[in-house]
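Ready for some practice in reading a protein model? Work through each exercise with the picture open, and try each task before you read its solution.

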Amino acid sequence: MDLNRNFPGDWRAGPRGRYFPGPRAASEPETRWVQRLVRAVRPDVTVWLHQPYGLVHLTPGADRRLVRAYARRVRLPARGLPRSRGTATGWQNRRAPGTSAFVVELGPAAPSTAQVRRHVGALLAIARGD
């Protein structure tokens, strides 16, 4: 079950396998927990870490300037990816106006200490509004 295909809004049924979206939208307790958290906290920015593409996704609905600034700081390209349905970022960007959620795709290998420091620095810069 792929939790990042289980969010409502544009959820679609799909076959079992690596990207199985679950039996119905928000069928999983983890999905519902994230929804409650986003509604309660209303974060300005949410960064979702995935693997293995080595890029910062120009996620639809996210602040593109913020996404590009993050990508520059971590030395990854900012690119679009094919559309996926039922994603956490898609749900948040549609359902929580004024927030911005995007995906950072780490590379296929474990990140180096220097890479981790760049990501932490980028997150701190977002938090400070740099």
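**Exercise 1. Locate R42 and describe its surroundings.**

Step 1: R42 sits in the loop between α1 and β1. Helices (H or I, at least four residues) and strands (E, at least two) are DSSP runs, numbered from the N terminus.

Step 2: R42 has a relative accessible area of 40%, so it is partly exposed. Buried means under 20% relative accessible area, exposed over 50%, and partly exposed in between (1.4 Å probe, protein chains only).

Step 3: Leaving out residues up to four places away in sequence, R42 touches L37, A96, P97 and T99. A contact here means heavy atoms within 4.5 Å.

Step 4: From C-alpha to C-alpha, R42 and A127 are 14 Å apart in space, and they are 85 residues apart in sequence.

A word on the source: this is a predicted model, in which local features need pLDDT of at least 70 and side-chain atom pairs count only at pLDDT 80 or more, while totals for chains, interfaces and linings use all residues. Residues are numbered from 1 along each chain as its sequence is written, and side-chain values use heavy atoms, with hydrogens and water left out.

**Exercise 2. Work out the order of the strands in the sheet, and how they pair.**

Step 1: The open sheet has 4 strands in the order β1-β4-β2-β3, and the pairing is mixed. Its edge strands are β1 and β3 (78-79), each pairing on one side only. Two strands pair if DSSP finds at least two bridges between them.

Step 2: Recall that strands of a sheet pair through backbone hydrogen bonds, either parallel or antiparallel.

Step 3: β1 and β4 run parallel and are joined by 6 bridges; here T46 stands opposite A101 in β4.

Step 4: β2 (residues 55-57) pairs with β4 in the antiparallel sense over 2 bridges. In this case V56 stands opposite V104.

**Exercise 3. Decide whether the faces of β4 are covered or open.**

Step 1: In a regular strand the side chains alternate between the two faces of the sheet.

Step 2: On one side of β4 are S100, F102 and V104, on the other A101, V103 and E105, and all are buried. Both faces are therefore covered, with 6 of the 6 residues of β4 buried.

**Exercise 4. Explain why helix α3 is described as largely enclosed.**

Step 1: The buried residues of α3 are A88, T89, G90, W91, Q92 and N93.

Step 2: Because 6 of the 8 residues of α3 (residues 88-95) are buried, the helix is largely enclosed by the rest of the structure.

Step 3: The buried residues of α3 pack against α1 (29-41), β1 (45-50) and β4 (100-105).

**Exercise 5. Compare the settings of N4 and N6, one at a time.**

Step 1: N4 lies in the segment before α1. At 15% relative accessibility, N4 counts as buried.

Step 2: A polar atom of the N4 side chain lies 3.0 Å from the backbone nitrogen of A88. A polar contact is a pair of N or O atoms within 3.5 Å; within protein, one must be able to donate a hydrogen and the other to accept it, and residues adjacent in sequence count only if both atoms are side-chain atoms.

Step 3: N6 is also placed in the segment before α1, and it is buried with a relative accessible area of 0%.

Step 4: The N6 side chain reaches the backbone nitrogen of E28 at 3.3 Å. Residues that N6 touches include W11, P21, R24 and T31.

**Exercise 6. Describe the largest pocket and its lining.**

Step 1: About 600 Å³ of space lies in the largest pocket. On a 1 Å grid over the protein atoms alone, a pocket is an open set of points where a 1.4 Å probe fits, with protein on both sides within 12 Å along at least five of seven lines; lining residues have an atom within 4 Å of a point.

Step 2: The lining has 27 residues, and N4, R5, P82, S84 and T87 lie nearest the centre of the pocket. The elements that give two or more residues to this lining are α3 and β4, and α3 gives the most, with 4 residues.

How values were computed. Points joined across faces, edges and corners; volume = space filled by probe spheres on them.
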